[in-house]
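These are my notebook entries on a single chain, set down in the order in which I looked things up. The structure itself comes first.

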Amino acid sequence: MIVNKRIEKLRKKMSEVGVSVCLIPTSDCHDSEYVSDYFKAREYFSGFTGSAGTLVVSMEEAALFTDGRYFIQAAKELEGTGIKLMKMGEANVPTVYEYIEKVLKEGETLGFDGRLVSQGAGDKIAHVIQKNKSNLNFTFDPTHEIWENRPKLEFKPVYRLFEEYSGESLESKLNRIKEYMNTIGADSHVITSLDDIAWILNLRGDDIKNCPLFFSYLILVDGECHLFANITGNEESLIKEYLIENRIILHSYEEFYNEGLQSVNIRTKKGILYNKKRINYLTYKSIGENLKVIDEIEPSTRFKCIKNEVEIENIKKANIKDGVAIVRFERWLKNAIISGENLTELSVQNKLYEFRSFSKEMIGPSFDTICAYGEHGAIIHYEADENSNAEVKEGGFLMIDSGAHYFEGTTDVTRTYAIGDVNKKLKHDYTLVLRSMLKLLNCKFLYGARGNNLDMVVREEFWKEGLDFKHGTGHGIGYLLNVHEGPNRIGWKIPDERNLGVVFEEGMLTSDEPGIYIEGSHGIRIETDILCKFLYEDEYGKFMGFEPVTYVPIDKSAILIEEMKKEEIEYLNSYHKLVFSRLSPYLEGEDLEYLIKATEEI
């Protein structure tokens with residue numbers, strides 16, 4: 001196999017430079033969730049195409065660590081490679097660090113590319129190195145001279161997001177950050193996360209597939225703001241004028257590790273603010289050891305997760321456009337099934353994109369669409385291709401998880417459709433997922449609750465039946481940034497103390513997406529995006545709740561009404577009433593007739 005030959009070449013190179021164990025993460029220099037093709041080294045060496053995972057290669061064996069979203073997919077893609085699948089979070093499965101401690105012997109050297117490993121992860125590795133009395137090489141690039149025809153690192157055009165969409169000026173955002181820095185005693189701040197930089201500057205790009213971001217670093221030091229980016233495209237001169245107007249000093253992207261960090265080392269007098277979980281290990285090692293480090297989540301991350309009034313109104317507009325497109329798609333899908341049209345996962349997926357593309361404001365997908373029929377639905381992050389492309393036929397579920405970026409915001413919605421009649425077991429599972437989604441959407445809670453508190457509202461119904469799903473219940477959603485964006489999240493697992501999650505605040509946008517995944521049979525997920533809002537205050541405190549901003553009908557044909565409580569039926573009817581009120585002014589003819597039927601009360 002090609003994978004085996006590539007690992008053989010890697011081991012030969014490791015032997016030549018004295019590296020015994022090599023760590024290859026799924027990352028770029030900015031800790032991005034999705035990475036450009038240039039950075040897909042883990043995929044190149046392992047053959048595993050999922051968006052999350054870590055490959056560890058020693059002279060004797062290789063192991064791929066990934067989470068529950070990818071267990072089924074990884075098992076198939078690793079077959080025949082000899083690479084062990086390590087199912088993260090499962091009983092008796094070591095962590096990456098425990099595994100390294102086991103395979104790395106005294107006096108041996110662990111190698112990784114320090115640009116691609118966060119300081120947080122690097123510190124844990126360094127602890128293992130010290131414990132094992134071994135060595136660390138954080139400048140080892142496993143791809144050098146091995147990865148033939150490697151894709152180029154591209155810098156695509158950058159464009160402005162005007163205040164009619166962002167709701168706040170660059171100047172205002174910088175002033176808020178500087179004010180926060182003053183309160184904590186920091187006179188410099190290094191920002192390497194692309195979503196934070198794009199949000200602060202009200203700029204967007206296209207350097208990473210499905211993410212409107214651009215490769216960049218940002219340094220605030222001694223009152224100045226320095227941007228390290230390669231600005232290109234038709235708007236290059238306008239963007240540069242905009243930066244000059246806002247007193248942003250522009251440097252090339254490549255100058256960050258030299259000129260940029262040298263300036264930080266020389267000019268920082270009080271303290272430097274950065275997030276150890278986001279900056280990479282090489283950046284950390286390039287910062288002076290004598291500087292006072294303030295390790296915190298970026299203030300911009302905390303600011304941007306709370307959407308302002310302009311963003312909230314725009315997000316609702318984006319979801320109306322999205323909802324209109326999906327209703328038209330649903331009518332097409334139902335008619336195609338009735339007429340016996342030959343449908344496949346890819347043909348359905350392409351048709352949905354076509355309907356979304358009718359909107360001129362649609363910039364592109366917010367992630368690769370998951371269009372999964374039957375047993376493919378059990379692969380949580382399934383992606384259809386020509387080899388796996390299943391026929392969509394009667395008797396099973398079709399799960400579609402998709403989203404889009406608009407200038408008005410980012411959408412993320414999952415609906416599961418019964419294709420013809422399905423059996424009672426499938427209907428029971430579908431009803432359970434629906435009930436759980438509706439419970440979170442309509443829950444009321446005291447201010448101060450975090451995501452792990454709210455997760456119980458959803459997962460309780462699953463645990464009663466001895467079921468669970470191997471992903472979080474909800475993730476934060478950026479505004480024309482990343483579709484998965486913290487710090488707000490809903491999930492019951494707490495990886496470490498810093499991941500306790502934040503208190504849910506008014507204006508936070510989060511997904512609500514429980515699911516059931518039965519390997520070899522079916523998968524069901526229903527996802528609606530919810531906006532946290534203040535309800536009222538009394539002697540017990542402030543009560544909070546959620547408002548749905550996804551306006552897409554929920555397939556009623558697979559619901560077992562007898563299994564739903566009275567209030568759950570009311571929740572569904574109320575939601576569909578909202579969907580109708582939001583979308584009906586924009587639909588007519590057969591599309592409107594379909595919406596009327598799809599949102600009728602049960």
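**Entry 1: Tyr38**

In which loop does Tyr38 lie? I located Tyr38 in the loop between strand E1 (21–24) and helix H2 (41–46). I note at the outset that the model is a predicted one. I next looked up how much of the residue is accessible: Tyr38 counts as buried because its relative accessibility is 18%, and the cut-off for buried is under 20%. Leaving aside neighbours within four places in sequence, I found Tyr38 in contact with Trp147, Arg150, Pro151, Lys152 and Leu153. I also looked up its separation from Pro514, which is 476 residues away along the chain. The C-alpha atoms of Tyr38 and Pro514 are 33 Å apart.

**Entry 2: cysteines**

How many disulfides does the structure hold? I found 0. Cys22 takes part in no disulfide, and the nearest cysteine sulfur to its own, that of Cys29, is 16 Å away. I then turned to Cys29, whose sulfur has its closest cysteine sulfur in Cys211; that distance is 16 Å, so it is too far for a bond. For a disulfide the two sulfur atoms would have to be within 2.5 Å. Are Cys22 and Cys29 buried or exposed? Cys22 counts as buried because its relative accessibility is 0%. Cys29, at 6% relative accessibility, therefore counts as buried as well.

**Entry 3: nonpolar cores**

I recorded as background that nonpolar side chains tend to be buried together in soluble globular proteins. In this model the largest nonpolar core has 69 residues. Those with the most contacts inside that core are Leu434, Phe445, Leu454, Phe546 and Leu583. Which helix gives the most to this core? I found it to be helix H15 (residues 424–441), which supplies 9 residues. I followed one of the highly connected residues further. Beyond its neighbours within four places in sequence, Leu583 is in contact with Ile320, Gly323, Val324, Val327, Tyr551 and Leu595. Apart from the largest core lies another, of 55 residues, which includes Leu174, Ile239, Phe256 and Leu273.

**Entry 4: backbone geometry**

Most residues other than glycine have a negative phi, and most peptide bonds are trans, so I looked for exceptions. Asn202, not a glycine, has a positive phi of about 55°. I placed Asn202 in the loop between helix H8 (194–201) and strand E9 (203–204). Its relative accessible area is 3%, so Asn202 is buried.

Leu480 also has a positive phi, of about 50°, and is not a glycine. This residue lies in the loop between strands E24 (474–475) and E25 (489–490). Leu480 is buried because its relative accessible area is 0%.

Which residues does a cis peptide bond join? I found the bond between Gly486 and Pro487, with omega at about 10°. Pro487 lies in the loop between E24 and E25.

**Entry 5: a surface patch**

Last, I looked at nonpolar side chains on the surface. Met456, Trp463 and Trp492 form a nonpolar patch there, and their accessible area together is about 280 Å². I located Trp492 in the loop between strand E25 (489–490) and strand E26 (509–512). Why does Trp492 count as partly exposed? Its relative accessibility is 36%, and partly exposed covers values between 20% and 50%, so Trp492 falls into that class.

Note on methods. Residues are numbered from 1 along each chain as its sequence is written. This is a predicted model: local features need pLDDT of at least 70, side-chain atom pairs count only at pLDDT 80 or more; totals for chains, interfaces and linings use all residues. Side-chain values use heavy atoms; hydrogens and water are left out. Patches are made of residues with over 30% relative accessible area and no salt bridge: like charges are joined within 9 Å, nonpolar side chains (Val, Leu, Ile, Met, Phe, Trp, Tyr) within 5 Å. Accessible areas come from the Shrake-Rupley method with a 1.4 Å probe; for residues, only the protein chains shown count as cover. A salt bridge is a side-chain nitrogen of Lys or Arg within 4 Å of a carboxyl oxygen of Asp or Glu. Helices (H or I, at least four residues) and strands (E, at least two) are DSSP runs, numbered from the N terminus. Buried means under 20% relative accessible area, exposed over 50%, partly exposed in between (1.4 Å probe, protein chains only). A nonpolar core is a set of buried Ala, Val, Leu, Ile, Met, Phe, Trp, Tyr and Cys residues joined through side-chain atoms within 4.5 Å. Contact means heavy atoms within 4.5 Å.
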